[in-house]
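Colleague: Please take a close look at the site where the ligand sits, and go through the empty space in the protein afterwards.

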Amino acid sequence: MVLTQGDFLILKNEFLEVWTLPTGCAIVKLLVKDKNSDIRDVVLGYDTEEEYENQDAYIGVVVGRVANRIEKGRYTINGKTYHVPINNGPNSLHGGIRGFSFRKFDWSIANEAIDYSYVSPDKEEGFNGNVEFHVIYSLEENALKMQYKAISDEDTVLNITNHSYFNLTGAPCDVTDHILTVHASKFAHVDEDGLVDGVIEDVEGTPFDFRTPTRVSEQIEKDNRQLVIGKGFDHPFIFDTDSDQVQLYDETTGIEMNVSTSYPVATIYTANYLVNLLGKDKHAMTRRSGICVETQFMSNDINLNENSQTILRKGEEYNEYTSFAFRVR
Ligand code: BGC
């Protein structure tokens, strides 16, 4: 069922309770039972809608029009070059200065789901085309499903993700004790500015090999140039499978999250740049206090690949999903 309370829209069933807000379609709380049946809130977040309007670090929000970096804030489609805001070193990050993460979405409730919608006008944050965009949140038993749908009146670029920081202990403490599995035998390099530069490497023999369950802390401090540049993990992992691509597990609570997505990639980000933000109940959110599994198409793909999957053709439907399922063991 869907409930409302103040500004919040809440999805609830016997397994999960998910508190959301219209600004950035923020996932504010995600309540799950641990192995002792105690309720844990497994995402970082803020308390109020105002904090999301002025937020930092994209905590729990949808990211668009284009997740991650666009080289030099520039892309070309059909021979025409467009300029989007440079807000991260020499590049554009997460849809510009006031991308989707900062917009207040309209909403409706249908079939036990929350349908958040937003019409992004042509040239908003420099991006071309009028884009009608929907984020639909629903519960499917023990899973939160996020469906992204869009349609544009021009060929344009779109690459949507959700930027939740998970911490399966239920508190914003060091997340690197979590055990991570990523079914990916390749990952993408980033340059000194965090920009994906087109170099792809096999994970075999590197600290990026999470094909079997591995504690993040065992890998994150290893001597590896990509880890140094990223200040930890902040890299796209290229999936080998088309479902159940990522698992995250915390032994203390017994909570396991399973990620399934239609996207080919996830940027795994270990909150390397998160510095002392005051979150829910005045808890400090600090470096490495959460882990993001940002499912998406390859970052900066619009500048790396002529036939980029991030091109949304005029009149065609963008339709991608990610689900986060929870169980205890
Ligand atoms: C990016 C990081 C960036 C962070 C900002 C992540 O998705 O990969 O490089 O610093 O978002 O919150």
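Modeller: I start with a contact of the ligand in this predicted model. In the side chain of E294, an N or O atom lies 2.7 Å from an oxygen atom of the ligand. Considered alone, the ligand exposes 310 Å², of which the protein buries 92%. R69 also makes a contact, with a side-chain N or O atom 2.8 Å from a ligand oxygen atom. For N68, the distance from a polar side-chain atom to an oxygen atom of the ligand is 3.1 Å.

These three residues belong to the set around the ligand, which also holds A57, Y58, H94, H163, Y165, D234, Y269 and Y273. Sorted by class, that shell has five nonpolar, three polar and three charged residues.

The place the ligand occupies is the largest pocket. This pocket holds about 480 Å³ of space. Its lining is made up of 29 residues, and R69, N88, L93, Y269 and Y273 are the closest to the pocket centre. Two elements, α3 (225-230) and β25 (265-269), each give two or more residues to this lining. By class, the lining of the largest pocket comprises 13 nonpolar, nine polar and seven charged residues. R69, Y269 and Y273 thus appear both around the ligand and among the residues closest to the centre of the largest pocket.

The second largest pocket has a volume of about 220 Å³. It is lined by 16 residues, with D41, V43, K280, D281 and H283 closest to its centre. Seven of its lining residues are nonpolar, four are polar and five are charged.

Cavities are the remaining item. Across the whole structure, a search finds two of 30 Å³ or more. The largest cavity contains about 40 Å³ of space. R69 is one of its lining residues, together with V66, A67, I70, V157, N159, M298, S299, N300, D301, I302 and T310. R69 therefore links two parts of this account, because a residue counts as lining when it has an atom within 4 Å of a grid point, and R69 does so for the largest cavity as well as for the largest pocket. The lining of the largest cavity divides into six nonpolar, four polar and two charged residues.

The second largest cavity has about 30 Å³ of space. Around it are G64, R65, G95, R98, G99, F100, S120, E124, E125 and F127. In this lining, two residues are nonpolar, four are polar and four are charged.

Conventions. Residues numbered from 1 in each chain as written. Predicted model: local features only at pLDDT ≥ 70, side-chain atom pairs only at ≥ 80, totals over all residues. Heavy atoms only, no water. 1 Å grid on protein atoms, 1.4 Å probe; cavity = no way out; pocket = protein on both sides within 12 Å on 5 of 7 lines; lining within 4 Å. Points joined across faces, edges and corners; volume = space filled by probe spheres on them. Nonpolar A, V, L, I, M, F, W, Y, C, P; charged D, E, K, R; others polar. Near = heavy atom within 4 Å. Polar contact = N/O pair within 3.5 Å; in protein donor to acceptor, adjacent residues only side chain to side chain. Areas by Shrake-Rupley, 256 points an atom, 1.4 Å probe, with all protein chains shown as cover. Sits in = over half its atoms within 2 Å of the grid points. Helix = DSSP H or I, 4+ residues; strand = E, 2+ residues; numbered from the N terminus.
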